[in-house]
Structures are given as C-alpha cells and as structure tokens.
Number of protein chains: 4
Amino acid sequence: MSEDFDSIRFKKRAYSLDELTLVPGARTVDPDLCSVTFTLGEKLLPTPILASAMDSVVSPQSAASLSRQGVLAVLNLQGLWTRYLRAEDQLAAIASSPDTDYISLMQRLYAEPVKAELVEKRIAEMKASCSLVAVSSVPQDVLGLLPIIEKGGVDFLFVQSTVTSTVHVGVHKPLQLAELCAQTSIPVIAGNCSNYQVARELLKSGIAGLLIGIGPGAACTSRGVLGIGVPMGTAIIDGARARDDHFAETGERIAVIADGGILNSGDICKALACGADGVMLGSVFSRAEGAPGLGFHWGMATPSPVLPRGTRIKVRSLGSYEKIVHGPASLDNGLHNLIGALKTSMGTLGAQNIGELQGVDIYVAPSILAEGKAYQSAQRLGMGSL
Amino acid sequence: MSEDFDSIRFKKRAYSLDELTLVPGARTVDPDLCSVTFTLGEKLLPTPILASAMDSVVSPQSAASLSRQGVLAVLNLQGLWTRYLRAEDQLAAIASSPDTDYISLMQRLYAEPVKAELVEKRIAEMKASCSLVAVSSVPQDVLGLLPIIEKGGVDFLFVQSTVTSTVHVGVHKPLQLAELCAQTSIPVIAGNCSNYQVARELLKSGIAGLLIGIGPGAACTSRGVLGIGVPMGTAIIDGARARDDHFAETGERIAVIADGGILNSGDICKALACGADGVMLGSVFSRAEGAPGLGFHWGMATPSPVLPRGTRIKVRSLGSYEKIVHGPASLDNGLHNLIGALKTSMGTLGAQNIGELQGVDIYVAPSILAEGKAYQSAQRLGMGSL
Amino acid sequence: MSEDFDSIRFKKRAYSLDELTLVPGARTVDPDLCSVTFTLGEKLLPTPILASAMDSVVSPQSAASLSRQGVLAVLNLQGLWTRYLRAEDQLAAIASSPDTDYISLMQRLYAEPVKAELVEKRIAEMKASCSLVAVSSVPQDVLGLLPIIEKGGVDFLFVQSTVTSTVHVGVHKPLQLAELCAQTSIPVIAGNCSNYQVARELLKSGIAGLLIGIGPGAACTSRGVLGIGVPMGTAIIDGARARDDHFAETGERIAVIADGGILNSGDICKALACGADGVMLGSVFSRAEGAPGLGFHWGMATPSPVLPRGTRIKVRSLGSYEKIVHGPASLDNGLHNLIGALKTSMGTLGAQNIGELQGVDIYVAPSILAEGKAYQSAQRLGMGSL
Amino acid sequence: MSEDFDSIRFKKRAYSLDELTLVPGARTVDPDLCSVTFTLGEKLLPTPILASAMDSVVSPQSAASLSRQGVLAVLNLQGLWTRYLRAEDQLAAIASSPDTDYISLMQRLYAEPVKAELVEKRIAEMKASCSLVAVSSVPQDVLGLLPIIEKGGVDFLFVQSTVTSTVHVGVHKPLQLAELCAQTSIPVIAGNCSNYQVARELLKSGIAGLLIGIGPGAACTSRGVLGIGVPMGTAIIDGARARDDHFAETGERIAVIADGGILNSGDICKALACGADGVMLGSVFSRAEGAPGLGFHWGMATPSPVLPRGTRIKVRSLGSYEKIVHGPASLDNGLHNLIGALKTSMGTLGAQNIGELQGVDIYVAPSILAEGKAYQSAQRLGMGSL
C-alpha cells in the first residue's frame with residue numbers, strides 16, 4: 001500500500017500509555033532494594049510522585065497530608081484559595097452544583113480576583129505544615145507574585161500554561177523563562193510541552209524541571225475542543241530524549257515530569273519507563289479522603305470564561321492518602337499503594353532505581369483491555385454463555 | 001509479514017479525523033492576533049464556517065441568523081422550502097413522526113415538485129436578510145434554475161451531488177461544470193469529491209470552490225448502504241494537495257471546503273490543519289435554538305424514494321447561534337464558541353492565519369477516547385472500583 | 001521496531017470487509033446502465049446474489065420466492081427438509097425452544113437420517129416453482145445422492161464442507177472433486193476455501209464455481225471454537241487472484257462466490273469489489289417475511305452432535321423478499337433494496353458491470369463505526385452533552 | 001511517517017491471541033487420526049491440557065476429576081489446602097463474601113501459615129486418586145518442602161513465580177533452579193517467563209518444562225497494577241523459538257507450556273499453533289460443576305497482603321469436567337469439548353499431532369469480534385433496525 005500524501009502530512013504515529021506494556025528481562029531485584037527517590041533541583045524527594053496544581057487536588061490542608069506521604073503537592077496560585085478567604089465554601093458550592101450548571105458557576109467563582117494577601121497566607125500555611133512548599137502560577141502573573149513567593153520561602157516554583165512555547169507572538173511581551181530563572185534562586189519547573197525541539201530550547205533556560213503533557217488529563221477536553229493533544233507515551237519519550245541530549249551536551253541533568261493522563265500505578269511505571277523522572281497525578285488524589293474537591297475533580301481550564309476545556313468528573317473515595325500512596329492495598333486496580341506497586345514493578349523488571357527503570361523493555365501492545373481480558377470483555381458485552 | 005495480494009488491491013490506509021491530533025511547536029500566538037477570514041471566489045468571508053444545504057440546518061430564517069454570526073448558510077433548492085409555501089408545516093410533521101415512519105413520510109413529502117416561484121421567493125427572502133446569499137442545487141436541475149438564481153442576485157452557487165465525476169456515462173448528458181462556470185458570473189462551488197486526480201480535473205473547470213467529503217456525515221449511511229466513503233483526514237489531504245498542485249501550475253488558488261463528519265471545534269481545527277480552507281457543518285447547527293429541524297437532523301439522501309442513504313438523528317439544543325459560533329461557551333465539548341476554540345487552537349499551534357494552520361504538525365494517534373481517557377472509559381464500562 | 005520471530009510466524013495481516021471502503025474515481029455511470037448479471041457455469045443469472053444452504057434461509061417454498069427476485073437459493077440436502085416430511089413442525093419447535101435448550105433440541109432433530117424419497121420430493125418441489133434449482137450436499141454423501149440429483153434435473157450442485165482441502169488423510173477415501181465433475185454434467189460449485197494455493201488446485205478439478213469463506217458467518221463461531229477463520233476481505237482477494245491466474249493459464253473463467261459474513265448491501269459491494277463474482281447471503285434472507293427460520297437464524301454446524309460451532313440468532317423481520325432484493329427501501333441501513341444499492345454503488349464508482357466493480361479503488365479504513373460516526377458513538381456512550 | 005525516538009524505545013509490537021487466527025491449507029485430516037498426546041519430562045500425557053495451581057481451580061478432589069479426563073491438575077502448595085485442614089470452609093467463606101470485602105478476607109485467610117503435615121496429607125490424597133500428581137510451590141519455599149514432596153511420590157514439581165529471572169538481586173540468595181533440578185529426580189517445570197533470552201537461560205537449568213505467560217490471566221491485573229504483561233501470542237512464539245534453538249544446540253527437547261489468558265478451545269488451538277506444547281487453563285475449570293471456587297475464580301496474587309494484583313470473578317457453571325474436556329458440547333462458544341474442538345481444528349488444519357499444529361499458517365486479524373460479527377455487534381449496540 002502506498003501512503004503518499006498522508007505520509008508526508010502526518011509526522012508520525014504517536015502512542016498512548018494504554019498501548020504500552022513493560023517486559024521483564026533476565027534480572028529481578030528484591031523490591032525492598034529498589035530506590036524510588038527523585039532529585040528535583042538540588043533537593044532529593046522521597047518519591048517521584050507530585051500532586052497536580054488543581055483545586056480538586058491540592059489545598060493547603062491536603063498538601064500537608066500529601067507531604068507526610070512523600071508526595072510533593074503543588075498549590076495553584078490562581079485557584080480558589082488565593083481568591084477567597086474561606087475557599088471551602090466555594091468548593092462546597094461546586095460540589096453541590098448540578099451537572100447542567102457547574103460550568104457557569106465555576107466561571108463566576110473564578111472571576112473573583114486573586115489577592116496578594118491570600119497568596120502570602122496560603123504559602124505561610126503550607127510552610128508551617130509541609131516539608132517542602134511548591135506553588136504554581138500562570139506565566140503572565142509570576143513576576144508580579146515573585147516577591148511574595150520568595151519572601152514566603154517557597155521551595156519550588158511551577159510556571160504552567162497549557163502549551164509553553166519558545167517564541168510567542170502577541171501584544172504583551174511573554175514571560176522570558178531564562179530571565180525568571182536568572183532573577184530567582186527558587187528552582188523553576190516549567191511547562192507544559194510535548195515536543196523534542198521545544199524541550200531542547202526550554203531546557204537551556206535554567207529551569208530545574210520540565211513538565212511534559214498536553215491534553216491527556218482525565219478532566220481535560222483539549223483534544224476535543226482544540227484538536228490538540230499528544231499521546232503520553234510518545235510525549236514522554238520525546239521529552240526524555242531532549243533531556244538526555246541536553247545532558248550529553250551540557251552535563252546538566254534536568255528532571256522531566258510527566259503531567260496528565262496517569263491514572264494508576266501501572267501508568268506511573270510506564271511513564272517512568274518511557275523516560276520520565278517524576279509523575280504528576282491529579283485524578284487519583286482527587287479521590288482521597290479529605291481531598292478538597294469533595295468528590296469531584298476538574299481541570300484549571302474548566303472555569304475559562306469564554307472557552308471551558310475541561311470537565312467535572314464525579315469521583316468515588318479510595319480511602320486515606322496513606323492507603324493510596326503506601327498501602328496496604330485493598331483494591332486490585334492500581335489505585336492503592338502506588339509506591340508499593342512501583343517498587344514491585346521495578347523489582348520484577350530488575351530496576352534498582354528510576355534511572356534503570358527508564359531503560360527496561362517496552363512493547364507496543366493491544367489496549368490493556370484486549371489481552372487476556374476477552375473473558376471480562378465478553379462478560380461485559382453479555383456474549384452467549386461465556 | 002508479507003502483504004502480497006492485499007497490498008496490491010488496497011490502495012492505501014486512509015485516516016479519519018478521529019485518528020489525528022495536532023501538535024504544538026516552538027511558537028505560540030495571542031489568539032486575538034489570529035485571523036480566521038476565508039476567501040471564497042473574490043469575497044472575503046469573516047469565518048471559514050459554512051452551514052450545510054440540509055433542511056434540518058438551513059432555512060431562509062436560520063440563514064439570516066447564521067449570517068449575523070459570520071457563517072455562510074447554503075439553502076438547498078431541492079429541499080422542502082422550494083416545494084412548499086409553508087414548509088414549517090412539513091418540518092413539524094417530520095419532527096413529530098415516530099422512528100418507524102419517518103422515512104416513508106419523508107419519501108412522500110419530498111415527492112412534491114420544486115416550484116420556480118418558491119425558488120425565487122426563498123432567494124428574495126435571503127437576499128433581504130443575509131449579507132451573502134448561497135444556494136445549492138443538484139447538477140441536473142441547475143441550468144433550469146440558473147435564470148432565477150442569477151436574477152435573485154445569489155452570491156454563491158453550490159452544485160452538489162454525492163459524488164462528482166469528470167466523466168459520466170448515462171442516457172442524459174450530464175452537467176458540464178466548465179460550461180456552467182463560463183455561462184454565469186456567480187462563483188460556483190462544486191462537489192463532492194475525495195480523490196486527488198478527480199480534484200485536479202474539477203479544479204480546471206473554473207469553479208471557485210471544491211467540496212471534499214464522501215460519506216462521513218453524521219446523518220449519512222453511504223458506507224453501510226453502498227460500501228462507499230472516504231475517511232475525512234485522507235480525503236482533505238488529497239483534495240488540498242490537488243489545490244496546491246493546481247495553484248503551482250496555474251497561479252489560481254481555489255478554496256477547498258471540507259464537508260461532512262465535522263462534529264465540533266476540534267474537528268474544525270483538524271480539518272483545516274489537514275489542508276481545508278473552509279468547513280461545512282451540518283449536525284452542530286441542526287442543534288441551535290431555532291434550527292429548522294426542530295430537534296432532528298437528517299441528510300438529503302434520506303428521502304430518496306428507492307434507496308434512503310441517511311438517517312434521522314434526534315438532537316438536543318445547544319443554545320443560540322451566537323453561543324455556538326462565538327460563545328462564551330458553557331459546554332466543554334467543543335460545541336460552543338467554535339470560533340473562539342479555533343482561534344485558541346491556532347494561537348496554541350502558532351498559526352496566525354488558516355494558511356499557517358494548514359502547515360502545523362499532525363500525529364496519527366489512538367482514537368480520541370483512548371488517550372488519557374481510560375479513566376472515563378473504565379467508569380463507562382463499570383470496571384471494578386476505578 | 002523489530003518484528004523478529006512474530007514476523008516469521010505470522011504469514012500476514014488479514015483484513016475484514018468492515019475495515020475496507022470503496023473510493024469513487026473519475027467516472028460515474030447512470031445506475032440504470034449498470035449490469036449486475038452473473039455467469040455461473042453456462043447460465044446467466046439475473047443477479048450475483050445467492051441464498052445460503054441453511055435451514056433458516058432456504059426451504060422449497062422460500063426458494064421459489066427468492067427465485068422470483070432473481071436470487072439463486074440453494075437447498076441443503078442434509079437439512080430438515082430431507083429428514084422430515086413436515087419439516088415445518090421441526091422448524092416451529094426450534095423457533096419455540098428457549099435459549100438454554102435449542103442446541104440439544106437441534107442435535108436431536110438433526111440425528112434423524114436423511115431419506116432418499118424426501119430428497120427426490122424436495123427437488124421436484126423446487127423444479128416446479130423455481131426457474132433454476134440448486135442443492136447442496138456434504139462431500140461424503142454427494143455420490144450416493146447423485147442419481148436422484150441428476151434425475152431431478154438439478155441445475156447447480158453445491159458441494160460444501162467447512163474447509164475443502166486438496167489432500168485428505170483419513171480412513172475413508174475422500175470425495176475426489178475431479179471425479180465428481182467428470183461423472184456429472186451438472187455444474188459443481190465447491191468449497192469452502194480461503195487460500196490462494198488451495199484455490200488454484202480446486203480450480204483445476206472442473207468445478208463451475210468456488211466458494212470462498214471460512215468462519216465469517218453471522219451464525220458461525222468457528223473462530224472462537226476452533227481458532228480458525230479468515231477475514232473476508234483477504235479471503236476474497238486471495239481467491240479472486242487464484243481465479244485470475246487460473247484464467248490466465250487456461251482461458252477458463254470460474255466463478256468465485258463469497259460466502260459468509262456479508263451482512264448488507266455495503267458488504268455486497270465490497271465483496272464484489274474485492275474480486276468476488278457472486279455473494280451468498282444467509283442472515284439477511286433469514287429475516288424475510290416467510291423465511292423458514294420463523295424469526296431465527298442458525299448455521300449448519302450448530303446441530304453438530306459433539307461440537308456445535310454455530311449459534312442461533314433471533315432476527316427481526318425486514319419485510320418481503322421483494323423489498324429486500326429490489327426495494328423500494330424504507331430502511332437506511334443497507335438491508336432493503338440490495339440490488340438498487342448495488343447499482344447505485346456501481347454507478348457512483350463508475351462500474352458498468354461486476355467485472356469493472358472488481359477493479360475499483362479500495363482503501364483500508366477505520367472500522368465503519370469510527371469514521372464520521374463519532375457523533376452517534378458519543379451519543380451511544382452517553383458522553384457529556386454531545 | 002518517521003517513527004524516530006519511539007521506534008528506538010519500543011522493542012516491538014506484541015500480539016495477543018485475540019488478534020490471531022489460524023488458516024487452513026491444502027491438507028485436512030480425519031480428526032480421529034489426530035493425536036493430542038503431550039510429553040512432559042519422560043511421561044506421555046493423554047492431553048496437552050493442564051489445570052492451573054489456583055485455589056479456585058485445583059483441590060485434591062477436583063484434581064482427581066480432572067485426572068480422569070486426562071488433564072494434569074497442579075495443586076498449589078501455598079494455597080488454602082495446605083493452610084487449613086477443612087479448606088472447604090474457607091472457600092465457602094470467600095464465595096459468600098461481598099465484592100467490597102473479599103480482598104481483606106482473602107488477605108486474612110492467606111495469612112495463616114502453610115503446615116508441613118497438610119502438605120503431606122494433600123499429596124497423599126492426590127496420590128490415592130490421580131494417575132499423576134503435580135504440585136506447585138513458590139521458589140523460596142520449594143527446598144523446605146522438597147523432602148515431603150519427594151517422599152509423597154509427586155510426579156511433577158512446578159516452581160512458579162510471577163516472573164522468573166536468571167539473575168536476582170536481594171538479601172536472600174534466590175533459588176538456583178539448576179541446583180534444584182540436580183538435587184531431585186522429580187521433573188521440574190519452572191516459570192513464568194515471556195522472553196527469548198531468559199527462556200534460553202532457564203532451559204539450560206535441567207528443567208522438564210517452561211511456563212510462558214506474564215500477566216494475561218483472566219483474574220490477573222498485573223498490567224494495570226504494575227504496567228507489566230506480555231501479550232500471549234508473542235510470548236509463546238518467543239518461548240517456542242527459545243525451545244527450538246535450545247533443541248538445535250543440545251538435542252534436548254523441553255516442553256513449553258502456555259499459562260494464562262487461554263479462555264476456550266479456540267485459544268488452546270492458537271496457543272499450540274504459536275508453538276506451545278501444552279496449555280494451562282484456569283478460568284474454564286473454575287466453572288466446572290464441583291470446582292473448588294464455588295462459582296468464583298481468583299488468582300494467587302489476589303490475597304497479597306500489601307499489593308493485590310488479581311481480582312475475583314463470578315463464574316457460571318458449564319457442567320461436568322467430562323463435558324468441558326471431552327464433550328459432547330451443548331454450548332457453541334468453545335467452552336465444551338475442548339479436546340474434540342482441538343482435534344477438529346487440527347483435522348481442519350491438516351495437523352496430525354501437536355508438532356504439526358505448531359507449523360500451521362497464522363494470520364494477524366482484526367479482533368475476533370470484528371470479522372463477520374458486525375451483525376452481533378450492531379445488535380449489541382442497538383443500532384437502527386439492524
């Protein structure tokens with residue numbers, strides 16, 4: 001078959017995590033000997049897991065709980081907590097809003113301006129209760145907030161937009177990452193990005209970490225609304241290759257963090273095997289007991305005043321943060337004991353640390369439901385007496 | 001694996017829009033700086049969006065509403081409005097007909113002859129209320145109607161059949177597009193077509209636009225009934241390549257319009273990125289408040305007296321034409337604020353105009369539901385405690 | 001990616017009809033000028049459609065009805081009609097048997113021996129009411145029945161087994177097709193087969209037609225039970241290539257008939273475009289008013305005493321044989337007006353006869369549900385406000 | 001399309017059994033002449049079917065029933081039967097436990113230590129009632145149990161872990177397979193494994209059989225929890241190639257047993273055609289009348305105290321062990337008469353023994369539901385009047 005014009009126009013076939021599977025080799029390791037530590041900037045974090053800067057996931061209170069489990073929680077400085085003194089009320093209002101109304105309600109609630117004193121207050125609350133404090137801002141507001149962020153003793157500053165470019169055409173001069181990094185001693189983690197060339201450029205700006213992931217999140221509808229999105233397997237591989245090539249040229253190793261579409265422990269293992277150094281989780285933590293979303297999960301693009309690009313998902317509770325991160329598990333679907341599963345997977349794959357996990361064999365495989373799961377599928381579909 | 005006889009017999013693997021995704025690059029643009037204008041013939045249209053010549057989509061009244069939003073609505077001159085003086089009655093009858101009976105009812109209603117005086121009247125109504133008037137006819141009737149069309153001051157004449165060929169074998173001499181184009185000063189837009197060679201021939205006939213799309217429409221069952229249909233990604237790429245090669249040879253740039261299977265703003269972005277200059281939408285506009293289909297959508301092949309090749313779809317209201325075209329959106333699925341989404345997508349992809357959008361990176365990707373949406377899929381399938 | 005051992009072990013990727021789509025070219029033809037006649041042996045049949053030798057599809061009565069529509073109906077000489085004088089009673093018993101019991105009931109009913117006098121009677125009944133008489137026998141019984149078949153004036157003799165080989169290892173000497181063909185002047189149609197080399201051998205035996213299709217039937221579960229089955233697109237292409245190569249070598253053109261998995265008019269068009277000369281339909285005709293299955297459809301492997309390899313499907317009535325074969329259609333899904341759809345498809349594809357249809361462009365495409373049908377899929381899956 | 005970094009990182013596309021289909025050739029064989037015997041160690045087993053060492057599948061009682069059908073049942077020495085004198089009580093408790101509680105209950109029940117006297121007792125029970133006795137142990141406990149196993153006259157010793165490696169890093173020295181094989185005269189069957197290189201190494205250790213299969217089981221959730229799993233088609237082909245290359249080098253032919261994800265007779269045929277010498281079945285036998293699971297099926301990883309990686313499936317009864325293994329079948333879905341189906345498949349494919357079956361043609365095909373089953377799918381999805 002000839003592929004002609006299509007093959008010219010389509011750059012490549014991209015793969016989602018769902019299409020990948022990890023393959024054991026000749027060596028196994030006792031899981032207890034597997035190290036899952038993660039270096040971000042000059043800090044050594046106990047786990048490679050971060051919690052997303054989403055209002056349904058990270059509040060000052062949940063950040064403290066996550067910190068106790070070794071998870072670095074990132075507070076969104078453009079979320080409800082910096083707009084309202086008692087954001088619990090707004091979160092409760094969202095949780096009790098019917099499916100037909102929540103978008104308008106969110107649009108209204110997020111129209112309230114961010115207040116400098118609340119930014120200061122939230123950072124102070126986290127400083128008092130978390131071993132490390134991480135906050136996130138959109139690029140256009142980060143310079144204005146920087147004095148408060150620095151004064152508050154923040155450990156990591158995330159600068160996030162849907163898509164971070166290296167050239168921006170607009171009436172306002174965009175944030176220059178290199179200038180920000182030069183201006184502050186706080187390690188800057190920037191993104192999101194999904195492309196080798198762009199990643200190469202961003203890695204030169206002095207950042208401590210690069211966020212990979214465009215459109216894959218559970219609550220994200222970018223691919224439907226904008227036609228934009230990069231399947232995570234391919235996105236991580238391209239980003240990790242940029243990191244490796246940057247390291248080969250400069251000797252500087254910058255963390256690559258996979259952000260979006262990582263739904264359970266199997267996805268964590270696959271994202272790291274594709275080359276990520278860390279993973280950022282949203283939906284799983286929105287389902288912890290005590291999560292700020294009160295049984296719901298949504299993205300930060302959902303309350304957009306003119307073009308919502310996220311949805312609100314109803315989520316069931318999975319139990320405590322401890323159960324989710326360190327187990328013991330009482331669920332068999334990869335939502336409990338994320339770290340135990342990661343260590344077991346690493347041991348099975350013979351990887352003693354995340355660097356070794358990044359080199360294990362990966363196969364492209366039929367969707368996770370296809371292989372050996374025909375039985376369950378058949379039952380689901382009500383086929384005959386199967 | 002050898003592909004032997006299959007690989008000889010199958011011309012290529014063709015791709016649907018659902019299998020494609022757009023990939024940001026190094027540059028972003030402020031969406032306010034992105035231009036979405038579209039040149040058709042010698043007119044500059046404010047948006048690249050057209051409304052399909054289907055009775056559930058365009059009436060003289062809805063054409064006016066769409067025109068106010070910058071959408072070029074095309075009235076079907078072989079639809080109910082030129083067969084009945086008070087077509088509202090027939091539309092209401094279709095809307096109240098049960099699922100088991102609507103095809104016979106439509107067959108009966110569309111058996112009524114088209115009346116010249118109603119053609120004249122409908123054109124006059126549109127002339128009075130639309131900034132630009134566009135009408136559509138089947139090839140066999142267009143010469144007969146041409147005097148009325150010209151007299152009425154129509155701005156664009158669409159000549160549409162399921163498949164437009166360059167050679168027709170039949171007892172009646174088929175319409176010669178080149179002769180029609182030579183005979184009238186109204187810009188002619190013709191189709192549909194899905195093939196590079198045919199497109200190359202049609203582009204030589206003097207037309208102002210070429211409609212691409214065979215079988216993909218939401219209400220179309222051609223692939224099931226006839227085995228015929230071309231996935232839209234590939235169809236648009238082939239048509240756009242024909243346009244570009246025609247331009248390279250002649251210096252004449254003719255618009256390519258993707259018609260069918262474009263369901264929301266993400267699809268619009270992908271169709272344009274594949275190379276279309278404009279897009280023709282049916283189902284979305286059939287769901288506007290005040291749409292003539294009164295909560296239903298159907299194709300013009302549905303009432304075929306001997307071989308219906310379309311179905312009637314029940315559609316829910318999405319709100320006003322303004323909300324659909326220009327927002328603000330209160331839905332997160334790409335059905336509100338089509339132009340806002342297009343500009344946001346263009347900005348994210350660094351495309352300042354549609355010509356630049358036609359050059360952005362495209363990946364082949366798993367179906368839109370697969371990537372990162374396993375969460376939703378799993379919920380949908382009732383899997384375990386996910 | 002390396003394919004190593006898999007690529008050695010797997011002979012090729014095979015394609016189903018569902019993965020194929022037909023692509024119009026530069027020429028169209030008035031459907032009224034398209035000829036659908038089909039030469040089998042030395043007879044010219046009015047349509048390329050045959051009705052399968054299954055008890056739910058062909059009885060002496062339904063054969064007459066089908067004959068009036070130009071369909072060649074094949075009576076199974078090992079079915080109920082040659083085992084029971086009043087087979088209507090057994091058919092009614094099957095139709096009223098619950099899902100849990102029908103297999104045992106069928107096993108019991110089909111244990112009754114075939115009676116020579118009933119074979120004679122059924123042939124006589126068909127001779128009296130059909131323009132052409134076709135019967136089918138399993139290979140092991142055909143020589144025994146041949147005198148009755150010849151005496152009855154049968155026009156076509158089908159010799160069918162699940163898989164016809166050219167070499168058989170067994171205690172009993174298998175039927176030698178070449179000997180049978182030499183022994184009788186009745187044109188023999190044999191099968192089934194799905195493989196180029198085997199087809200080449202079978203074509204040398206003097207047969208008038210070759211049946212292609214292993215495992216694809218709607219009521220067939222061979223692929224599940226035996227792991228055996230060949231996707232029909234590839235099976236037909238391989239068989240048609242064998243026919244063409246046989247013709248090139250010998251000048252003898254033998255009909256290739258696609259048998260199984262052809263569900264509606266779109267599938268008929270695609271099967272012929274892949275190279276079949278005729279198509280054999282089961283499930284569609286089991287749904288005609290007056291079909292012998294009385295609302296059910298099953299395969300001849302279902303009543304196997306030790307290993308049923310077929311299932312019983314409940315089917316809804318589609319209306320008269322005339323509506324199904326010649327329309328006019330009041331359904332839009334390719335189950336009404338099969339011949340009208342075939343001629344329209346041929347006209348659209350520019351094929352004036354089935355020989356030309358065998359040469360039209362075919363694309364491999366996403367499954368019929370994927371392209372442009374995301375709208376319907378999304379509705380079906382209850383996604384958001386789509 | 002370029003595949004660049006992905007194609008470097010992904011080792012290959014792996015195939016599941018569901019994606020494969022077997023293709024008849026020029027020869028058929030009378031099924032009665034097809035031999036299905038299977039050589040394991042120096043014993044000739046009447047069938048190539050084994051029953052998995054799972055508590056829902058094999059008890060001392062069910063082992064006897066399976067033995068009478070020619071199936072080698074493997075008792076898990078770390079299951080309930082060696083922890084409890086009256087394990088029937090614990091099995092009943094699991095069967096009556098609700099979906100929300102069974103994992104905690106299993107975790108509690110499997111925390112009870114294994115007792116040497118019960119190991120001895122169970123082996124004695126099987127010795128008294130089975131023609132051949134097979135038991136399974138995890139590697140870390142096998143040396144401790146070996147005296148009892150040898151004393152009990154066990155015929156086959158299975159040493160199973162999720163993934164068997166050739167190098168293990170850990171505080172405790174892992175079991176050395178070669179030492180075990182040297183130390184005992186009982187034939188050792190070890191696994192599981194899914195990789196050519198590892199298989200090559202394991203085959204040198206003196207084992208009599210190698211178990212292939214990681215993650216595909218019906219009750220296994222390894223791919224979801226750990227991201228690990230190898231589609232069975234590819235896993236078997238790689239293992240079989242290792243066996244063949246080992247044989248070519250050493251003249252020693254060691255059995256390869258496919259373990260996991262083999263759901264019915266079609267899968268058995270495909271697993272053997274991919275190169276397996278035997279197949280190990282779990283879910284099918286958990287559904288026999290008298291199966292120890294009492295209507296449920298679960299994996300041995302389900303009761304893991306910290307990381308359950310299996311699920312409990314509710315299963316419907318299929319009837320007696322005889323009906324399942326030797327028929328006659330009264331189901332048409334490949335769950336009755338496994339051996340009859342295997343012989344029929346072999347006869348159809350022209351394979352007189354399993355060695356010949358390992359050489360038949362295999363195609364990669366659309367999922368078993370796609371080909372020719374659109375009819376059933378369409379009904380399932382409630383599409384139109386199909």
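1. By "contact" I mean heavy atoms within 4.5 Å. With that in hand, and bearing in mind that this is a predicted model, start with chains C and D: 69 residues of chain C touch 74 residues of chain D. The area buried between these two chains comes to about 5700 Å², and carbon and sulfur atoms account for 56% of that.

2. If you like to hunt for charge pairs, the C/D interface gives you one salt bridge. The partners are C:K11 and D:D361, with their closest N and O atoms 3.3 Å apart. Polar contacts are also there: 28 residue pairs across chain C and chain D, both residues of each pair at pLDDT 80 or more.

3. Which parts of chain C face chain D? Several elements put in at least two residues each, among them α1 (4-9), β1 (10-13), α4 (102-109) and α10 (232-250) of chain C. The largest share is from α1(C), with five residues. Sorted by character, the residues on this side of chain C are 33 nonpolar, 21 polar and 15 charged.

4. Have a look at the strands here too. β10(C) is joined to β3 of chain D (residues 27-29) by three bridges, and the two strands run parallel. To find the spot on screen, go to C:V167, whose bridge partner in β3(D) is D:R27.

5. Now turn to chains A and D. Here 74 residues of chain A are in contact with 69 residues of chain D. Together they bury about 5700 Å², 56% of it on carbon and sulfur atoms.

6. The A/D interface has one salt bridge by the rule used. This one links the side chains of D:K11 and A:D361, at 3.4 Å from N to O. For polar contacts between chain A and chain D, the count is 28 residue pairs, again with both residues at pLDDT 80 or more.

7. On the chain A side, the elements giving two or more residues to the surface that touches chain D include β2 (20-23), β3 (27-29), α11 (265-273), β17 (361-364) and α15 (374-380) of chain A. The top contributor is α13(A), with six residues. The split for this side of chain A is 33 nonpolar, 26 polar and 15 charged.

8. One last strand pair to check: β3(A) and β10 of chain D (residues 167-169) pair in the parallel sense over three bridges. Zoom in on A:V29 and you'll find D:V169 of β10(D) opposite.

Methods. Residues numbered from 1 in each chain as written. Chains lettered and ligands numbered in written order. Predicted model: local features only at pLDDT ≥ 70, side-chain atom pairs only at ≥ 80, totals over all residues. Heavy atoms only, no water. Buried area = accessible area lost by both parts, 1.4 Å probe. Salt bridge = Lys/Arg side-chain N within 4 Å of Asp/Glu carboxyl O. Polar contact = N/O pair within 3.5 Å; in protein donor to acceptor, adjacent residues only side chain to side chain. Helix = DSSP H or I, 4+ residues; strand = E, 2+ residues; numbered from the N terminus. Nonpolar A, V, L, I, M, F, W, Y, C, P; charged D, E, K, R; others polar. Pairing = 2+ DSSP bridges.
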